[in-house]
Amino acid sequence: MKTSTTLLLALLAIGVFLGIRFYESKVPPTREAAFRERQVVIFDPEKVDGVDILTREEKIKFRKKGNVWELTEPVKDRANQEMVGEILGWTQMLQREETFRNPDKKELKRFGVAKPKLRLKFFGPGAPPELWFGKETAVEGRDYLRVKDADEVFVVNNALRNVITRKVDEFRDPRLTDLEARYVTRLAIRTGAGEIELEKDAGHWRLTKPLKARAHDEVVEELIGTLVGLPVLGFEAAKGENLN
């Protein structure tokens, strides 16, 4: 191939490359980039180890121990893991639909974010800043929101507010126990008439009390499945003791 032809092809390739780069710089941002640009806060939910819901009437506090969330205030109990996940998920998905920059004191008061009645606070390395929830906007399903002490007020979807304003009992684990049936290897039933004890050995159940005999595997497994699957229908008032 002639040198002049090679040079021409090289110049053509460079021209095509520069043309593509110019085109990419002019096209609208991708959907992901546009989403991130509108996010109110950017953080890693896995690094959050504490969440507080604060109102003028009460405090609802969650703390993470290992991989499990616990409710520490106003009662001590296992937390509803899905509910805490919703709080973190909706916070991460929170997007600004409109922005008011440098609002004065009157505007902050009008938006309800000067001294907010509802706040959401996070703890942990890289945790997002505290969120202040204001009044509802004229548009249904939208609220005013301010990041603590920031010079901006946003209009956001009210999905996160709807999650964090639920009753305390809804944040408690609705399961009677967090035990999984497959891990049960011993079962004791105590009544006024006596005791029945069963143990699992080599994949099969056997009676050890009041006599030693083989047990019906399917019946025992069904009983255990029913017991560990019992839902909590309601909570009695507690006096601060740890219900775990």
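**Notes on R96, Q39 and a nonpolar patch**

1. Setting aside neighbours within four places in sequence, R96 is in contact with E37, R38, Q39, V40, E152, F154, V155 and V156. Please keep in mind that this is a predicted model.

2. Where does R96 sit? R96 belongs to the loop between α3 (81-93) and β5 (98-101). With a relative accessibility of 21%, R96 counts as partly exposed, because the buried class is reserved for values under 20%.

3. One of the contacts of R96 spans a good stretch of chain: R38 and R96 are 58 residues apart in sequence, yet their C-alpha atoms are 5.5 Å apart in space.

4. Q39 deserves a look of its own. Its place is the loop between α2 (31-38) and β1 (50-55), and Q39 is buried, at a relative accessible area of 8%. Not counting residues up to four places away in sequence, Q39 touches Q92, L94, Q95 and R96.

5. Which atoms of Q39 take part in polar pairs with R96 and Q92? On one side, a polar atom of the R96 side chain lies 3.1 Å from the backbone oxygen of Q39. On the other, a polar atom of the Q39 side chain lies 2.9 Å from the backbone oxygen of Q92. You may enjoy viewing these two pairs together.

6. Elsewhere, there is a surface feature to note: L176, I189, I196, L223, L227 and L230 make a nonpolar patch of about 450 Å². Among these residues, L176 is found in the loop between α5 (159-164) and β10 (186-191).

How values were computed. Residues are numbered from 1 along each chain as its sequence is written. This is a predicted model: local features need pLDDT of at least 70, side-chain atom pairs count only at pLDDT 80 or more; totals for chains, interfaces and linings use all residues. Side-chain values use heavy atoms; hydrogens and water are left out. Helices (H or I, at least four residues) and strands (E, at least two) are DSSP runs, numbered from the N terminus. Buried means under 20% relative accessible area, exposed over 50%, partly exposed in between (1.4 Å probe, protein chains only). Contact means heavy atoms within 4.5 Å. A polar contact is a pair of N or O atoms within 3.5 Å; within protein, one must be able to donate a hydrogen and the other to accept it, and residues adjacent in sequence count only if both atoms are side-chain atoms. Patches are made of residues with over 30% relative accessible area and no salt bridge: like charges are joined within 9 Å, nonpolar side chains (Val, Leu, Ile, Met, Phe, Trp, Tyr) within 5 Å. Accessible areas come from the Shrake-Rupley method with a 1.4 Å probe; for residues, only the protein chains shown count as cover. A salt bridge is a side-chain nitrogen of Lys or Arg within 4 Å of a carboxyl oxygen of Asp or Glu.
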